[in-house]
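Colleague: Before I reuse these labels, I would like to go through the reasons for them with you.

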Amino acid sequence: MDRRPRLVAVGDALADIVVAAGPGDCEALGVAPGTAAFRDRAALEAAVARLAGGGPVAPTAGGSAANTCVAFAASGGHASLLTASMTDDLGRSIAEDLAARGVRVPLPRGGRATTRASGPVGAVSAFAATGRCLVLLLPDGERAFLIWQGEPWRLRALREAVAAYFARDEPCDALLFEGYLLAADEGLEVARSVLARARAVGAARVLALSDQRLVLEHRRRFEAVLAAGVDVVVGNEAEATAVTGRATARDAAAELARRGALAVVTLGRRGALVHGPAGRHLVTGAEIVPAPSALGAGDAFAGGFLFGLLSGAEHSVCLALGTGRARAVLKVRQARAPVRGPTGGAPPMTSAGEIP
């Protein structure tokens, strides 16, 4: 019997568009370095056209939960992404990228979902656009994000589809919920629903904090998710202090542990911190590597750490596994290390302002 750990993640699969930018570009677009801001599709495409100067851009597969699944699968686990994936060319390219990396996308893609009396969820509409993330890559390796998450009805479809997925009784050791979904009120209802289902099947419930600005703007929603019951919280120092109101990473981790969660807090080049309900904490130093971009490093760290945790490894080993996965991503511009073999590849080249 295959006893490799199984992670199910819930989140948006996005197309990343990475462009070089400066601090002035962040100011003009209303997003601070190290944070994310949400825009409608037209505004995001206008920003892409402005920064790319009308030249070609090459979207790559992204999305926080998807990135974590990729790192988990690369570590040796089974990973599935539950997402309201879309049916355009970008969505198909993302699905192919995930499949090449060993990640299942078990839900049908596209459309408002309807649940049949038996079997999986069916899609009604024939076409829907994939969300995308404009990544502003700054000279020091820091980045900022402008995000259009996708069709506004996708969360209703996702909630219904997740219910159908869990009705199949597929094995699941942990369920990760992507904090980016809490940008909308409906995301909180999705979170409550999927975390309750995870608890019912005995799976560990994992909350990825995702973004400091998001946490600050919607702290009430994050607090509600924590109150509903979370076993593991993963985030960086800024996110952890924002969600707890504490001044330091250690204090924030201790507060999350007091609430019953295992706190996993990344500290950039200083390493990472783990603090459990028993009060134990560990720090490991991260190897300093040339970093064209920190894009996706936190997601990759989460994938490696969770693989170790669900495999029964000591926290020190989990931290080392997470650091190794993050290091692989720090060496490339995109959110994932390149796919090995001929089946991988980025979505098709498109012209700025003409993103499908």
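The exchange below takes up burial and salt bridges in turn.

Modeller: This is a predicted model, in which local features need pLDDT of at least 70 and side-chain atom pairs count only at pLDDT 80 or more, while totals for chains, interfaces and linings use all residues. Residues are numbered from 1 along each chain as its sequence is written, and side-chain values use heavy atoms, with hydrogens and water left out.

Colleague: Why is S75 called buried?

Modeller: Its relative accessible area is 17%, and buried means under 20%, exposed over 50% and partly exposed in between, with a 1.4 Å probe and protein chains only, so S75 counts as buried.

Colleague: What makes the pairing of R132 with E45 a salt bridge?

Modeller: The term asks for a side-chain nitrogen of Lys or Arg within 4 Å of a carboxyl oxygen of Asp or Glu; the closest N and O atoms of R132 and E45 are 3.4 Å apart, and therefore the pair qualifies. R132 in strand β10 and E45 in helix α2 are 87 residues apart, linking distant parts of the chain, and both residues are buried.

Colleague: How do you know that R104 and E170 form a salt bridge, and why is each called partly exposed?

Modeller: Their N to O distance is 3.1 Å, which satisfies the salt-bridge rule. R104 has a relative accessible area of 39% and E170 one of 23%, so both fall in the partly exposed range.

Technical notes
Helix = DSSP H or I, 4+ residues; strand = E, 2+ residues; numbered from the N terminus.
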